[in-house]
Amino acid sequence: MTTLTRPSTPAVARLRPDVSIGAVRVWLRNRDVFLRLWKSELSGMVIEPWLVIAAMGLGLGRFVELDGGEDYAAFLGPGLLAAFPMFTTVFESGWGSFVRLEMQHTYDAVIATPVSVDDVVTGDLLWGATRGVMSACYILLVELLLNPSLHMVGSPWIVVGILPVAAVLGLLFASISIMFASIARAMSQFQYFFNLLILPMFWFSGAFFPFESLPEWARTIGWFLPLTHAVNLYRDLNGGDLAWSMVGDFTWLLAATAITYVLALALMRRRLIV
Amino acid sequence: MTTAAPRPHIEARALTKRYDDYTAVDAVSFEVQPGEYLGLLGPNGAGKTTTIRMITCFSPPTGGELRVLGHDVLRDPRSVKAGLGLVPQDENLDPDLPVAKNLEVYGRYHGLDAPTRRARAAEQLAFFQLEDKAAVPVHELSGGMKRRLMIARALVAEPTILVLDEPTVGLDPQARHLVWQKLRQLRNRGVTMLLTTHYMDEAAHLCDRIIVMHQGGILAEGTPTELIAEHAGEAVLELRLPATEVEALLAPFEAGPGGVDVEEVEGLFYVFGAGPAAHEVATRLGDPSRAFVRPGNLEDVFLRLTGRGLLE
């Protein structure tokens with residue numbers, strides 16, 4: 001009899017994703033749940049931009065004077081498109097995936113079918129990105145509705161550019177969040193993820209005040225934060241002046257997405273296949 | 001078509017699962033034939049669940065060979081899982097979806113189209129007497145209903161092999177008998193079944209053949225009747241007496257192979273192999289609370305083989 005000895009964890013070390021149509025089926029499961037619970041799911045997303053624009057654009061904005069006399073609401077417009085969809089994706093792919101992984105054991109149920117771990121991660125990630133894109137599009141819609149008085153949308157380019165930028169930003173934050181979910185042992189650990197990574201990024205990526213006003217060292221740190229590059233892209237699109245730097249920002253986001261995606265797959269395989 | 005015997009649905013050769021510090025399954029070899037109901041019987045920690053996890057591609061084997069429906073579990077897990085329906089030990093129904101939708105979404109994971117999965121879901125709910133719960137959230141079901149729904153879910157894609165890990169653990173006797181009844185009825189559909197259990201009555205009730213596992217290895221294998229005849233015998237004498245009295249009582253008997261064998265579990269002595277003399281001893285003592293003869297069962301088989309009880 002031949003006894004084959006194989007490495008104990010072959011799947012974990014594999015870099016090439018094992019993705020099939022199963023990923024779409026996982027996405028569809030999430031969509032089905034969303035459509036059942038859409039009222040509660042949407043309430044936050046629908047109200048939030050109005051509150052933020054009222055408080056920051058109208059309230060705070062009256063006391064803020066930017067260099068060059070730019071209106072604060074107009075400055076805030078592209079920043080909001082990046083910052084709030086990030087939250088939507090982080091909640092969906094971080095907390096949501098952790099609940100499905102650890103509390104509900106939904107992932108275990110799914111991978112007992114022909115769907116692979118990579119399919120589950122990819123499907124959940126696509127869903128997190130979908131939610132991010134939905135959120136970005138809705139905020140843009142609100143900004144367009146308020147545009148006659150607040151001038152938050154400065155160029156039609158943003159209407160064209162929002163889909164690719166929101167999509168890559170969604171995929172990146174979904175990957176980062178699932179990566180964290182795959183190593184988290186308890187729900188409480190998400191506090192670290194959120195408070196130490198997401199929240200500082202939210203405030204210090206140039207969404208709420210001009211990035212250039214920060215000291216050199218802070219700008220260097222900012223370059224390593226994913227959200228900064230999305231804010232840059234939206235600002236450039238909103239200014240209507242398409243620059244070569246946008247290729248750099250977009251490539252940065254794509255590369256970070258590829259790296260975190262492969263890591264998320266490997267870490268989730270390690271978590272589920274033991 | 002060949003005239004040779006059909007290929008076994010599960011083929012394990014020297015199947016091994018080693019972790020850094022211990023070996024959960026140690027070079028076990030067995031086969032499961034098409035249409036067979038095979039039970040893995042053993043206490044917690046015997047390696048039953050790890051074996052199941054390897055078969056269902058949740059845990060890569062670290063040694064040996066494992067083929068399910070002809071597919072290698074490491075090379076082709078998708079094909080393996082396409083032919084399997086798994087009922088895990090812990091409930092993992094989708095709490096975000098109502099009962100029928102749980103089955104339909106599962107059918108979609110298996111690639112069934114919408115009309116087929118709706119029809120299959122309805123069919124399974126009817127079979128498992130859950131049709132009036134179709135629109136109910138999963139958390140409103142009782143434990144027994146959840147277990148039936150898990151089995152229904154595993155069957156929605158009409159798998160060739162149904163794999164159940166401790167299918168009735170934690171259920172009350174009524175719920176458990178309903179599960180048994182449904183599993184027996186599946187025989188008519190030609191399903192192959194592999195189940196783990198630490199309940200000997202469950203194994204005796206459902207399985208054509210039993211593999212007794214202990215500490216990662218296989219201790220014995222056979223039909224329930226064979227195992228009982230070989231290891232427990234027709235008459236088992238139970239004595240609740242001080243050890244010295246037991247010794248005196250059994251002095252006339254020959255010990256060792258072919259003779260009597262005594263196992264003690266918490267002050268209760270089990271005497272195997274005494275034959276008709278078992279009845280004589282019991283009658284002589286005349287007190288059923290101290291001496292009692294009963295037919296052998298699978299619990300005895302395990303006790304004889306390991307010197308320990310199944311449930312502890």
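At 26% relative accessibility, E31(B) counts as partly exposed. This residue belongs to a predicted model, and E31(B) serves here as the entry point to the charged pairs of chain B. The side chain of E31(B) meets that of R13(B) in a salt bridge, with a distance of 3.1 Å from N to O. E31(B) lies in strand β2 (residues 23–32) and R13(B) in strand β1 (residues 10–18) of chain B, so the pair ties together parts that are 18 residues apart in sequence. R13(B) is likewise partly exposed, at 26% relative accessibility.

A second pair in chain B is formed by E158(B) and R120(B), whose side chains meet in a salt bridge at 3.3 Å, N to O. E158(B) lies in the loop between α5 (143–155) and β7 (161–165), while R120(B) lies in helix α4 (residues 114–127), so this pair ties together parts of chain B that are 38 residues apart in sequence. With a relative accessibility of 47%, E158(B) counts as partly exposed because it falls below the limit for exposed residues, which is over 50%. R120(B) has a relative accessibility of 15% and counts as buried, because the limit for that class is under 20%.

Salt bridges that share partners also join R31(A), D32(A), K101(B) and R108(B) into one network. This network includes residues of chain A and of chain B. Across the interface of the two chains, the rule finds six salt bridges. R29(A) and D94(B) also form a salt bridge through their side chains, with N and O 2.7 Å apart. The contact between the chains takes 35 residues from chain A and 35 residues from chain B. The area buried between chain A and chain B is about 3100 Å², and carbon and sulfur atoms give 55% of it. Over all chains, the count of salt bridges comes to 28.

Within chain A, E216(A) forms a salt bridge with R219(A), and the closest N and O atoms are 3.7 Å apart. Both residues lie in helix α9 (residues 216–223) of chain A. Their positions are three residues apart, which is about one turn of the helix. E216(A) has a relative accessibility of 55% and counts as exposed, because that class begins over 50%. R219(A) has a relative accessible area of 31% and is partly exposed.

Backbone geometry was also examined. E158(B), the partner of R120(B) in the salt bridge described above, has a positive phi of about 50° although it is not a glycine. The place of this residue is the loop between α5 and β7 of chain B. Q215(B) also has a positive phi of about 50° and is not a glycine. Q215(B) is found in the loop between β9 (209–214) and β10 (217–222) of chain B. At 60% relative accessibility, Q215(B) counts as exposed, whereas E158(B) is partly exposed at 47%.

A buried position is provided by T51(B), which is in helix α1 (residues 48–55) of chain B. The relative accessible area of T51(B) is 0%, so the residue counts as buried, the limit being under 20%. Leaving aside neighbours within four places in sequence, T51(B) is in contact with V25(B), F30(B), L40(B) and M213(B). Of these partners, V25(B) and F30(B) have numbers that fall within strand β2 (residues 23–32), and M213(B) has a number that falls within β9 (209–214).

The overall features of chain B form the setting for these residues. Chain B has 11 helices and 14 strands. Along its principal axes, the C-alpha trace of the chain spans about 70 × 45 × 45 Å. Of the 312 residues of chain B, 55% count as buried. Among contacts in chain B with a separation of 6 or more, residues 24 or more positions apart account for 69%. Chain B exposes about 13400 Å², and carbon and sulfur atoms supply 50% of this area. The chain has 32 positive and 43 negative side chains, and the centres of the two sets lie 8 Å apart.

Note on methods. Residues are numbered from 1 along each chain as its sequence is written. Chains are lettered from A and ligands numbered from 1 in the order in which they are written. This is a predicted model: local features need pLDDT of at least 70, side-chain atom pairs count only at pLDDT 80 or more; totals for chains, interfaces and linings use all residues. Side-chain values use heavy atoms; hydrogens and water are left out. Helices (H or I, at least four residues) and strands (E, at least two) are DSSP runs, numbered from the N terminus. Buried means under 20% relative accessible area, exposed over 50%, partly exposed in between (1.4 Å probe, protein chains only). Contact means heavy atoms within 4.5 Å. Accessible areas come from the Shrake-Rupley method with a 1.4 Å probe; for residues, only the protein chains shown count as cover. Lys and Arg count as positive and Asp and Glu as negative; His and the chain ends are not counted. The place of a charge is taken as NZ of Lys, CZ of Arg, CG of Asp or CD of Glu. Buried area is the accessible area (1.4 Å probe) that two parts lose on being put together, summed over both. A salt bridge is a side-chain nitrogen of Lys or Arg within 4 Å of a carboxyl oxygen of Asp or Glu.
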